[in-house]
Amino acid sequence: MSKKSNTSKRYTAEFKKDAVELVRSSGRTVTEVAQELGVSAEGLRGWVKQAAIDRGEGPSGALTTAEREELVRLRRKVHEQEQTIEVLGKATAFFANRKTK
């Protein structure tokens with residue numbers, strides 16, 4: 001079980017998955033497993049909660065990991081498109097002003 005990743009995230013998806021499975025299968029508390037793995041109990045609780053949501057066991061309306069990732073991707077795309085629209089608007093105004101002179 002690889003603990004650190006080379007990306008900006010602190011723990012790999014594999015490590016989180018394995019940690020959650022350890023909580024689910026061991027009969028030990030989140031705090032006990034967190035101490036054993038050297039991670040924050042609150043962080044591990046969040047991973048366990050998100051894993052339950054991903055399995056369809058979360059509260060109504062809770063976003064799965066895939067849905068969260070899609071939301072982030074779409075928000076980023078909207079932001080990029082808004083910037084493009086702004087630049088195009090400025091270019092249109094610039095060229096419209098040049099034609100009137």
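Which residue just after α1 takes a positive phi? I began at this point and found Gly27, with a phi of about 80 degrees. I note at the outset that the model is predicted.

**Entry 1. Overall make-up**

I looked up the secondary structure of the protein chain and recorded 4 helices and 0 strands. Read from the N terminus on, the elements run α-α-α-α. I then looked up burial: of the 101 residues of the protein chain, 18% count as buried. I also noted the contacts in the protein chain with a separation of 6 or more; residues 24 or more positions apart account for 27% of them.

**Entry 2. Helix α1**

I located α1 at residues 13-26, which makes 14 residues. From its first C-alpha to its last, α1 reaches 20 Å, close to the 20 Å expected at 1.5 Å a residue. I listed the buried residues of α1 as Phe15, Ala19, Val20 and Val23. Why do they lie on the same side of α1? They cover an arc of only 130 degrees around the axis, and therefore share that side. I recalled the general rule that an α-helix has 3.6 residues a turn, so residues three or four places apart point the same way. I next looked up the face of α1 turned away from its buried side, and found the exposed residues Ala13, Lys17 and Ser25 there. As for partners, the buried residues of α1 pack against α2 and α3.

**Entry 3. Helix α2**

I recorded Val30, Val33, Ala34 and Leu37 as the buried residues of α2. They cover an arc of only 100 degrees around the axis, so they are placed on the same side of α2. What covers these buried residues? I found that the cover includes α1 and α3. Just after α2 I noted Gly38, which takes a positive phi of about 75 degrees. A glycine with positive phi was thus entered just after α1, as Gly27, and just after α2, as Gly38.

**Entry 4. Crossing of α2 and α3**

Two packed helices are described by the angle between their axes and the distance between the axes. I looked up both for α2 (residues 30-37) and α3 (residues 41-54): the axes come within 9 Å and cross at roughly 115 degrees. Is this crossing left-handed or right-handed? I entered the crossing of α2 and α3 as right-handed. On the α2 side the contact is made by Val30, Thr31, Val33 and Ala34, and on the α3 side by Ala41, Leu44 and Arg45. Sorted by class, this contact has 5 nonpolar, 1 polar and 1 charged residues. I note that Val30, Val33 and Ala34 of α2 appear in this contact and are also among the buried residues of α2.

**Entry 5. Two residues of α3**

I looked up Gly43, which lies in helix α3. Gly43 counts as partly exposed because its relative accessibility is 27%, where the range for that class lies between 20% and 50%. Gly43 and Lys16 are 27 residues apart in sequence, and I recorded 9.7 Å between them in space, C-alpha to C-alpha.

Gln50 also has its place in helix α3. Is Gln50 buried or exposed? Its relative accessibility is 15%, so Gln50 counts as buried; the cut-off for buried is under 20%. Which residues does Gln50 touch, not counting residues up to four places away in sequence? I listed Leu63, Thr64, Thr65 and Arg68.

Technical notes:
Residues are numbered from 1 along each chain as its sequence is written. This is a predicted model: local features need pLDDT of at least 70, side-chain atom pairs count only at pLDDT 80 or more; totals for chains, interfaces and linings use all residues. Side-chain values use heavy atoms; hydrogens and water are left out. Axes are lines fitted to C-alpha atoms, for helices over the stretch in contact, and angles run from 0 to 180 degrees between N-to-C directions. Helices (H or I, at least four residues) and strands (E, at least two) are DSSP runs, numbered from the N terminus. A crossing is left-handed if the near helix is turned anticlockwise from the far one by less than a right angle, and right-handed if clockwise. Contact means heavy atoms within 4.5 Å. Ala, Val, Leu, Ile, Met, Phe, Trp, Tyr, Cys and Pro count as nonpolar, Asp, Glu, Lys and Arg as charged, and the others, Gly among them, as polar. The expected span of a helix is 1.5 Å times one less than its number of residues. Buried means under 20% relative accessible area, exposed over 50%, partly exposed in between (1.4 Å probe, protein chains only). The arc is that of the directions from the helix axis to the C-beta atoms.
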